[in-house]
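Reader: I would like a close look at a single part of this structure, namely the place where the ligand sits and the empty space around that place. Please take me through it step by step, in connected prose.

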Amino acid sequence: MSRSPRKTAKKSTKKSAKKADDQSAGRSAGKAAKTARGKWAEDASSQAVDSPQNPARGTAPETQSSKAKSSKTQLSETQPPKTQPSKTSPPGTRLPVEPAALAGLLGPYRITNGSDFRIGDHNPGDTGGLDLEKDHARDLLDRGVAALSAIQERLFANNRWSVLLVFQAMDAAGKDGTIKHVMSGINPQGCQVHAFKAPSSEELDHDFLWRTHQRLPERGRIGIFNRSYYEEVLVVRVHQEMLDRQNLPPRLVTKSIWDDRLRDIRHHERYLARNGMLILKFFLNVSKDEQKKRLLQRIDDPAKNWKFESKDVDERTYWKAYMHAYEEAIRATASNFAPWYVIPADNKWFTRLAVMGAVVTELSKLGVDFPKIDDADLHKLLGFRERLVAD
Ligand code: ATP
Ligand code: MG
């Protein structure tokens, strides 16, 4: 019997289970996995029937990017942005905002050509015209989790593509919470999370892509980078003394080093994409005021004290330099093969929903399904079945 992608995946799972042990994240959601096949898409089509004023009717997730602007307008024109509180809704009542509508409003945040990208054009307080009650948002998120879980099972079984989700943000923008919520339904075996901190001396003794390269996801897996090689053109650009610690030959440290690195990153991502990696990059765009509120909460709320770090207060003073570095990075590395999503991050519920919407929409586009079995293999399977039954 020919070697199916699924068998390969199983083999590699065993081999790397130990390695992935401390890197895996997310919890499996059996319920979600069972029921979720194509749920995102099903939701879209059932909504089109159920609700005549569905703003996203006929807007397939695949077409969201080109239609994003008009979808957003549609949404606010045809649907009151203030939705009815669902606290009073009986269980099972359809929510006024469906996942497909959510997918339809992501366009303005998706950057594939950075030439005219300006960070100032992006409002961190934006909620895409939505004003959802907490439990509406949670319900949508749950459905996204279910859809993602179903896709991830297929990705794993198929064992052709890998997915890299890069998260970058200023402190307290909500990276950790977003990663936790969005990945909460994923089978831990299929997911690897890495948080990149200040580099060790061993890492500093290598090229700047070395450490992240070793942590890239295997085929069939979703890898999450909580910070990434982008730090090399962000924090290191803002704090040039960090560059000094990298022991580069002096003649290579020129004025063009940041542009050179950005070009290297772009080529690196092109290379990875050509090798079957779907790369999505998220910049959680929090405002300086909202960051201040969240840092104050970390001081004022004893349950959050452990999160407070004095260096976060210091880093705030470099806000402008960081924004410049982010803008340059996004301008230089936004592409069709590795788009940036600039996600408004002043409202956590929206950040999570938008990231979820983007991940599910982009992964759906891969069209990955369980490996098909051909007639010859089916015949062999039936032979094994007969043997087992007779056993
Ligand atoms: P949190 O939001 O919980 O604070 P975090 O990602 O900021 O999470 P920290 O442990 O607070 O995690 O900080 C990690 C630090 O490591 C960041 O300040 C980041 O800029 C820094 N860092 C990551 N990569 C590099 C790098 N290549 N060179 C220098 N510093 C880096
Ligand atoms: Mg931090």
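Author: What follows is a walk from the ligand outward to its pocket and then to a separate cavity. The model is predicted, and every value below is computed from it.

Around ligand 1 there are 16 residues, and of these Asp171, Lys175, Arg227, Glu231 and Glu309 come nearest. Sorted by class, this shell holds 6 nonpolar and 10 charged residues, with no polar ones. Polar contacts can be followed to particular atoms: an oxygen atom of ligand 1 is 2.9 Å from an N or O atom in the side chain of Asp171, and an oxygen atom of the ligand is 3.2 Å from a polar atom in the backbone of Ala198. A nitrogen atom of ligand 1, in turn, is 3.0 Å from an N or O atom in the side chain of Glu232. Taken alone the ligand exposes 630 Å², and the protein buries 84% of that area. The elements that give two or more residues to the shell are helix H7, spanning 175-182, and helix H10, spanning 235-238.

Turning from the shell to the space that holds the ligand, ligand 1 sits in the largest pocket, for which the volume is about 1,400 Å³. Of the 44 residues that line this pocket, Asp171, Lys175, Arg227, Glu309 and Lys311 are the closest to its centre. By class the lining has 20 charged, 16 nonpolar and 8 polar residues. At least two residues of the lining are supplied by each of H7, H10, H13 (288-300), H14 (310-316), H15 (319-333) and H16 (348-365), and H7 gives the most, with 5 residues.

There is also enclosed space to consider, and a search of the whole structure finds 2 cavities of 30 Å³ or more. The second largest cavity has a volume of about 30 Å³, and its lining is made up of Phe208, Arg211, Thr212, Ser228, Tyr229, Glu231 and Glu232. That lining divides into 3 charged, 2 nonpolar and 2 polar residues. Two of these names have come up already, since Glu231 is listed among the residues that come nearest to ligand 1, while Glu232 has a side-chain N or O atom 3.0 Å from a nitrogen atom of the ligand.

Technical notes. Residues numbered from 1 in each chain as written. Chains lettered and ligands numbered in written order. Predicted model: local features only at pLDDT ≥ 70, side-chain atom pairs only at ≥ 80, totals over all residues. Heavy atoms only, no water. Near = heavy atom within 4 Å. Polar contact = N/O pair within 3.5 Å; in protein donor to acceptor, adjacent residues only side chain to side chain. Areas by Shrake-Rupley, 256 points an atom, 1.4 Å probe, with all protein chains shown as cover. 1 Å grid on protein atoms, 1.4 Å probe; cavity = no way out; pocket = protein on both sides within 12 Å on 5 of 7 lines; lining within 4 Å. Sits in = over half its atoms within 2 Å of the grid points. Helix = DSSP H or I, 4+ residues; strand = E, 2+ residues; numbered from the N terminus. Nonpolar A, V, L, I, M, F, W, Y, C, P; charged D, E, K, R; others polar. Points joined across faces, edges and corners; volume = space filled by probe spheres on them.
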